[in-house]
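I opened this notebook to record, span by span and contact by contact, what I looked up in a two-chain model. The entries follow the order in which I worked.

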Amino acid sequence: MNSATVRNLLVRGMLAGLAAGVLALIAAYLLGEPSVDKAIAFEDAHSHEHEMEVVSRSLQSTAGLATGVLVYGVAFGGIAALAFCFAMGRVGRFGPRATALLLSGSALLTVYVVPFLKYPANPPSVGDPDTISKRTTLYFLMMLLSVLLAVGATILGKRLAPGLGNWWATVVAVAAFAVVVGLAYEFLPVVNEVPQDFPAALLWRFRLSALAIQSVLWGGFGLAFGELAERLLNPRPAKAAGRTVPAAH
Amino acid sequence: MAQTVAQPTATTPAVPAKLPLKAIAPWAAFFGILMLVLLYFVGAEQGATSVFNGTDVHEWVHDARHLLGFPCH
């Protein structure tokens, strides 16, 4: 019974991730692709050697983009659903919808925003190919650190709650998270490989669009998965019952 | 009167029971790893490390990799 619930939630998480991935894909195509094209134009204008195209630009910006974003959505949807199975009833007195939205908001913050503020997304032509190993390691390290710190902060908050009350326990846990993240920012190496004459406005637009894509993805996922989880775990929604009961009397 | 009694139960969110860790663990172990492998192929394959030779995977998901914030090139 419980194992079946986990399986059902996992399937719903992957489906909600796919749906959120479609929304994120629309955001990526409309908001992100114009900046990618401009950055590639900058790259072509400034490099003398022209590489042979393995995959054409028109495929990269459509089918290629869709593959990447949708797989990303499904994969994170599955992971978030498993985290939800664990969080449900353990983080506090929240129903399925609230737990799902809280979880996806935390995921946006820890999996994306925290690493992004240290190692932001870069458009084509920003980044030295020789340092890709170092940059990849640092990025995933920052992501892992952020997730572990968020889990630690949640445990700290739960421990403090009986003594301090929910409000102050949450404030202390979030503050502790922020301080340790700040220390990590301070001590991890800086990466700045933006070419001298790369347009600042283009870099800003690209990074804003990257942030928008993730916000759409996680926002959409939280709402979609919350609804699916609510229907699975509370088959008769409280709101609908409240609406039909007075009408019947 | 029946309505005022029904009101609090309607607004209080029903908190479902915890799912036992034993039920979650097998799914988390298998699908958790599978999902991480998928993320690896979107985010890092043929960049810092390669499972397959060439640059086809990298080039195919090139735009997604940039826009999803992974280090690319």
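I began with residues 63–86 of chain A, where I found 100% helix and 0% strand, with the end C-alpha atoms 35 Å apart. The model is a predicted one, and I kept that in mind for every value that follows.

I had chosen that span from the UniProt record, an unreviewed entry, which lists residues 63–86 of chain A under "transmembrane region", along with 9–31, 98–117, 137–156, 168–188 and 208–229. I then looked up one more of these, residues 168–188 of chain A, and noted 95% helix, 0% strand and a distance of 30 Å between the end C-alpha atoms.

For chain B, the unreviewed UniProt entry gives residues 24–42 as "transmembrane region". In the model this stretch of chain B is 100% helix and 0% strand, and its end C-alpha atoms lie 26 Å apart.

Next I asked how helix α2 of chain A and helix α2 of chain B cross. The axes of α2(A), residues 57–87, and α2(B), residues 21–43, come within 9 Å of each other, and the crossing angle is roughly 155°. With angles over 145 degrees counted as roughly antiparallel, α2(A) and α2(B) are therefore roughly antiparallel to each other. I also noted that their crossing is left-handed.

I then listed who makes this contact: on α2(A) the residues include Gly68(A), Val71(A), Tyr72(A), Ala75(A) and Gly78(A), while on α2(B) they include Trp27(B), Phe31(B), Gly32(B), Met35(B) and Leu39(B). Sorted by class, the contact of α2(A) with α2(B) has 15 nonpolar and three polar residues, and no charged ones.

Widening the view to the whole contact between the chains, I recorded 57 residues from chain A and 41 residues from chain B. On the chain B side, the elements that give two or more residues are α1 (2–11), α2, α3 (56–60) and α4 (62–67). Which of these gives the largest share? That is α2(B), with ten residues. The chain B side divides into 28 nonpolar, eight polar and five charged residues.

My last entry concerns chain A alone, which is divided into domain 1 (1–47 + 58–126 + 198–249) and domain 2 (127–193). The centres of these two domains of chain A, taken over C-alpha atoms, are separated by 20 Å. Their contact takes ten residues from domain 1 and 14 residues from domain 2, and the domain 1 side divides into six nonpolar, three polar and one charged.

Conventions: Residues are numbered from 1 along each chain as its sequence is written. Chains are lettered from A and ligands numbered from 1 in the order in which they are written. This is a predicted model: local features need pLDDT of at least 70, side-chain atom pairs count only at pLDDT 80 or more; totals for chains, interfaces and linings use all residues. Axes are lines fitted to C-alpha atoms, for helices over the stretch in contact, and angles run from 0 to 180 degrees between N-to-C directions. Helices (H or I, at least four residues) and strands (E, at least two) are DSSP runs, numbered from the N terminus. Angles under 35 degrees count as roughly parallel, over 145 as roughly antiparallel, 65 to 115 as roughly perpendicular and the rest as oblique. A crossing is left-handed if the near helix is turned anticlockwise from the far one by less than a right angle, and right-handed if clockwise. Two residues are in contact if their C-beta atoms, placed from the backbone, lie within 7 Å. Ala, Val, Leu, Ile, Met, Phe, Trp, Tyr, Cys and Pro count as nonpolar, Asp, Glu, Lys and Arg as charged, and the others, Gly among them, as polar. Domain bounds come from an automatic or database domain assignment. UniProt positions are given in the numbering used here, feature names are shortened, and annotations may be inferred rather than shown by experiment.
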